[in-house]
Amino acid sequence: MAYKFINNYETKLTAQATDAATSITVANTTGLSLAVGEVYRMTIQNADASLYELVDVTAISGNTLTIERGKEATTAQVWPIDSIILCS
């Protein structure tokens, strides 16, 4: 697995994500692309960044990101619409 980076990428959830979800729907995937074996490490957070979760994005289809949850000892949690998704 090779980590891929994109500077200053930010979008928002357009649908709630449960704590068991393995995919999330976001407002914008412009600039994102993955080849076989590549992943993005991204952060899902609330507006003031007091809650966050690190995820690996393993696939992109339209505005849907396939994710692996709870990376770097973070906990998978429920994320409401408009939660922020970051990759830097």
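The backbone oxygen of Pro 80 lies 2.8 Å from a polar atom of the Ser 83 side chain. That is a good place to start in this predicted model. From there, the tour goes on to Glu 53 and then to the nonpolar core, with its 18 residues.

**Ser 83**
- You will find Ser 83 in the loop that runs between strand S6 (64-71) and strand S7 (84-87).
- Its relative accessibility is 4%, so Ser 83 counts as buried, the cut-off being under 20%.
- Beyond its neighbours within four places in sequence, Ser 83 touches Thr 11, Lys 12, Leu 13, Ile 44 and Gln 45.

**Glu 53**
- Glu 53 belongs to strand S5 (residues 52-61).
- With a relative accessible area of 0%, Glu 53 is buried.
- The side chains of Glu 53 and Arg 69 are joined by a polar contact of 2.7 Å.
- Setting aside neighbours within four places in sequence, the contacts of Glu 53 include Met 42, Thr 43, Ile 44, Gly 70 and Trp 79.

**The largest nonpolar core**
- In the largest nonpolar core, which has 18 residues, Ile 24, Met 42 and Leu 65 have the most contacts inside it.
- Strands S4 (38-45), S5, S6 and S7 are the elements that each give two or more residues to this core.
- S4 supplies the largest share of the core, three residues.
- Apart from neighbours within four places in sequence, Leu 65 is in contact with residues including Ile 24, Val 26, Leu 32, Met 42, Val 57 and Ile 60.
- As general background, nonpolar side chains tend to be buried together in soluble globular proteins.

Conventions:
Residues numbered from 1 in each chain as written. Predicted model: local features only at pLDDT ≥ 70, side-chain atom pairs only at ≥ 80, totals over all residues. Heavy atoms only, no water. Helix = DSSP H or I, 4+ residues; strand = E, 2+ residues; numbered from the N terminus. Buried < 20%, exposed > 50% of the residue type's maximum accessible area, 1.4 Å probe, protein only. Polar contact = N/O pair within 3.5 Å; in protein donor to acceptor, adjacent residues only side chain to side chain. Contact = heavy atoms within 4.5 Å. Core = buried A, V, L, I, M, F, W, Y, C linked by side-chain atoms within 4.5 Å.
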